[in-house]
Amino acid sequence: VFAFALHPTPVKPITRDGWDLAITSCPWYGFDYDMLTCDIDGTPALQWIADEHNRSMLAINWTDVMTHPWPVGKEALFAQLVDACHDAGMRCIPYHGYQINEAAPEYAFVSDEVLRLPEMANPDIYPGMDEPQMVATVCMNSIWQDALVDGFARMIDTFGIDGIYLDTTNMPWSCQNELHGCGYRDEEGNLHATYPIMAVRETFKRLYTLAKQDGRDL
């Protein structure tokens, strides 16, 4: 069975220019929450950054569980960071990847079903973290698509985030995980990979709807 789709890019009116979209990250990479208490040249850090014509803050190291769609262990601090960005006249946009973390509360229950196979796993660490965390690539043809959309919906409702920065989440990694419907068997029973292009497209359609529904313009 084959599926074919065209995905043209529509021409849209320009409503925000480059200055409106200017984005930056913490000047002390990985130490995002230091911006709540530190000064730059005698000015509160976030206000100094906003005064330099930045309109959005990309939060990098904002959760104790890397690549998880919730500020695990940092809920109160994250709420403060979002509010402080807004007070300084900036949007707050958390960075997110394409993996699931072995430290995630649901990992033991869903990893077999959501992982991209053959497994791609590696330790990763940001400055400000005590030790590396093991992360593995997920497949958007799995229930992780639902978890991702739900997590960001809850973050919008709970903390008022202004968007999501997705790093490589749009990659339709080849996958052989039959538990969520990827892969196929040839006549000899050998397992081969498929590419979940339509599942990735559906993920981003859902995220776009999330960003625009209820009058939002994230």
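In this predicted model, a polar atom of the R216 side chain lies 2.7 Å from the backbone oxygen of L210. R216 itself sits in the segment after α5, a helix covering residues 197-212. With a relative accessibility of 18%, R216 counts as buried, because the cut-off for that label is under 20%. Leaving out residues up to four places away in sequence, R216 touches I156, D157, L210 and A211. L210 thus appears twice in this small picture, once through its backbone oxygen and once in the list of contacts.

The same segment after α5 also holds D214. Here the backbone is of interest: D214 is not a glycine, yet its phi is positive, at about 60 degrees. Most residues other than glycine have a negative phi, and most peptide bonds are trans. Unlike the buried R216, D214 is exposed, with a relative accessible area of 66%. A positive phi is also found at T168, near 70 degrees, and this residue is again not a glycine. T168 belongs to the loop between β9 (165-166) and β10 (184-185), and with a relative accessible area of 26% it is partly exposed. One more backbone feature deserves a look: the peptide bond from L117 to P118 is cis, its omega being near 0 degrees. P118 is located in the loop between α3 and β7.

Following the chain on to β7 leads to a sheet. Three strands form an open sheet in the order β6-β8-β7, with antiparallel pairing. β6 (99-101) and β7 (121-124) are the edge strands; each has a single partner, so one side of each is left without a neighbour in the sheet. On average, and ignoring direction, neighbouring strands of this sheet are turned by 35 degrees against each other. β7 and β8 (residues 133-137) run antiparallel and are joined by 4 bridges. A121 can serve as an example, since its bridge partner in β8 is A136.

Now to the interior. In soluble globular proteins, nonpolar side chains tend to be buried together. The largest nonpolar core of this model has 41 residues, and those with the most contacts inside it are M35, L46, F78, L81, M90, I100 and M155. At least two residues of this core come from each of α1 (45-51), β4 (56-59), α2 (75-87), α3 (107-114), α4 (144-159) and α5. The largest share, 8 residues, is supplied by α4. I100 shows how such a core residue is surrounded: neighbours within four places in sequence aside, it is in contact with T67, Y107, V110, V114, L115, M134, V135, A136, V138 and W144. Another core, of 7 residues, lies apart from the largest one, and its members include Y95, Y126, M129 and V135.

Finally, the cysteines. The structure holds 0 disulfides. For C26, the closest cysteine sulfur is that of C38, and the 8.2 Å between the two sulfurs is too far for a bond. C26 is buried, at 5% relative accessibility. C182 is in no disulfide either, with the nearest cysteine sulfur, that of C139, 3.7 Å away. This pair does not count as a disulfide because the two sulfur atoms would have to be within 2.5 Å. C182 is buried too, with a relative accessible area of 2%.

Note on methods
Residues numbered from 1 in each chain as written. Predicted model: local features only at pLDDT ≥ 70, side-chain atom pairs only at ≥ 80, totals over all residues. Heavy atoms only, no water. Buried < 20%, exposed > 50% of the residue type's maximum accessible area, 1.4 Å probe, protein only. Polar contact = N/O pair within 3.5 Å; in protein donor to acceptor, adjacent residues only side chain to side chain. Contact = heavy atoms within 4.5 Å. Pairing = 2+ DSSP bridges. Axes fitted to C-alpha atoms, helices over the stretch in contact; angles between N-to-C directions. Core = buried A, V, L, I, M, F, W, Y, C linked by side-chain atoms within 4.5 Å.
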